[in-house]
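Q: Please give me a close look at the inside of this protein. I would like to know how the middle is packed and where it leaves gaps.

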Amino acid sequence: MSICISGNEAVAYAMKQINPDVMGAFPITPSTEIPEYFAKYVANGEVNTEYVTVESEHSSMSVCIAAEAAGARSVSATSSCGLALMYELLYVAASNRLPITLACVNRALSGPININNDHSDSMGARDAGWIQIYAESNQEAYDNFIMAMPVGEKLRLPVMCCMDGFITNHAVENITLL
């Protein structure tokens, strides 16, 4: 089936098809739409996911770590300083070989604020032990997220699926869904 959607919606749709057990969610631009779209799937009963709204990105990754340690498939989405707030826990997830799947919508790290696309957020996590996959298009963003969970489970490693903030994630393109 072919559909015209944004990169964020494509990732949320991939999450819907995966039907994870848990999503730890805290909004941050430009990834906010991913948990928003997914929350609609949860509210409409289209997935059986426990959607956990938390007080920060640190807590979001903590939820995912606890869920995976208990044997539940878990996902999250973040960007920029939200990923930086997760850095401490990214090492915990990788060292415990927990196959969490994370959507990272790349945005610059800076102060006071920078909302431009940049890979400084995911590059800061480059040595944390996560597999990182980068998408050039909405189709790749969708395909990467679909593939990430089984790859992570096979290798017993967490996987971060990255796409360009304000470019890929907001662009609307035709993609083919499974």
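A: The answer starts with the empty space, moves to the packing, and ends with some single residues.

First, the ground rules. The model is predicted, so local features need pLDDT of at least 70 and side-chain atom pairs count only at pLDDT 80 or more, while totals for chains, interfaces and linings use all residues. Residues are numbered from 1 along each chain as its sequence is written, and side-chain values use heavy atoms, with hydrogens and water left out.

Start with the gap. Rolling a probe the size of a water molecule over the atoms shows where empty space is left. A cavity is a set of points, on a 1 Å grid over the protein atoms alone, where a 1.4 Å probe fits but cannot get out. Grid points are joined across faces, edges and corners, and the volume is the space filled by probe spheres set on the points. How many cavities of 30 Å³ or more does this rule give? The count is one. The volume of the largest cavity is about 40 Å³.

Now the walls. Lining residues have an atom within 4 Å of a point. For the largest cavity they are Val11, Ala103, Ala135, Ala141, Asn144, Phe145, Cys161, Cys162 and Met163. Helix 6 (138-155) and strand 7 (159-164) are the elements that give two or more residues to this lining. Helices (H or I, at least four residues) and strands (E, at least two) are DSSP runs, numbered from the N terminus. By class, the lining has eight nonpolar residues, one polar and no charged. Here Ala, Val, Leu, Ile, Met, Phe, Trp, Tyr, Cys and Pro count as nonpolar, Asp, Glu, Lys and Arg as charged, and the others, Gly among them, as polar.

Several lining residues turn up again in the packing. A nonpolar core is a set of buried Ala, Val, Leu, Ile, Met, Phe, Trp, Tyr and Cys residues joined through side-chain atoms within 4.5 Å. Buried means under 20% relative accessible area, exposed over 50%, and partly exposed in between (1.4 Å probe, protein chains only). The largest nonpolar core has 30 residues. Val11, Met15, Ile34, Ala103, Tyr142, Phe145 and Met163 have the most contacts inside this core. At least two core residues come from each of helix 1 (7-18), strand 2 (22-25), helix 2 (33-43), strand 4 (74-78), strand 5 (101-106), helix 6 and strand 7. Helix 1 gives the largest share, seven residues. There is also a second, separate core of 18 residues, and Met61, Leu83, Ala94 and Ile100 are among them.

Take Tyr142 from the largest core. Contact means heavy atoms within 4.5 Å. Leaving aside neighbours within four places in sequence, Tyr142 touches Ala10, Tyr13, Ala14, Gln17, Ile175, Thr176, Leu177 and Leu178.

Tyr13 leads on to the aromatic rings. A pair of aromatic rings is described by the distance of the centres and the angle of the planes. Rings of Phe, Tyr and Trp (its six-membered ring) pair if their centres lie within 6.5 Å; planes under 30 degrees apart count as stacked, over 60 as edge-to-face and the rest as tilted. This rule gives two aromatic pairs. Tyr13 and Tyr41 are edge-to-face, because their centres are 6.4 Å apart and their planes are at 85 degrees. Tyr13 lies in helix 1 and Tyr41 in helix 2, so the pair ties together parts 28 residues apart in sequence. Phe38 and Tyr41 are also edge-to-face, 6.2 Å centre to centre with 85 degrees between the planes. Both lie in helix 2, three residues apart, about one turn of the helix. Tyr13, Phe38 and Tyr41 form one aromatic cluster. Tyr13 and Tyr41 are buried, and so is Phe38.

Last, some loop residues. Asn169 lies in the loop between strand 7 and strand 8 (172-176). Asn169 is buried, with a relative accessible area of 0%. Leaving aside neighbours within four places in sequence, its contacts are Ser6, Gly7, Asn8, Pro30, Val105, Met163 and Asp164. Pro30 is in the loop between strand 2 and helix 2, and the peptide bond from Thr29 to Pro30 is cis, with omega near 5 degrees. Ile28 is found in the loop between strand 2 and helix 2. Ile28 is buried at 13% relative accessible area.

Methods. On a 1 Å grid over the protein atoms alone, a cavity is a set of points where a 1.4 Å probe fits but cannot get out, and a pocket is an open set with protein on both sides within 12 Å along at least five of seven lines; lining residues have an atom within 4 Å of a point.
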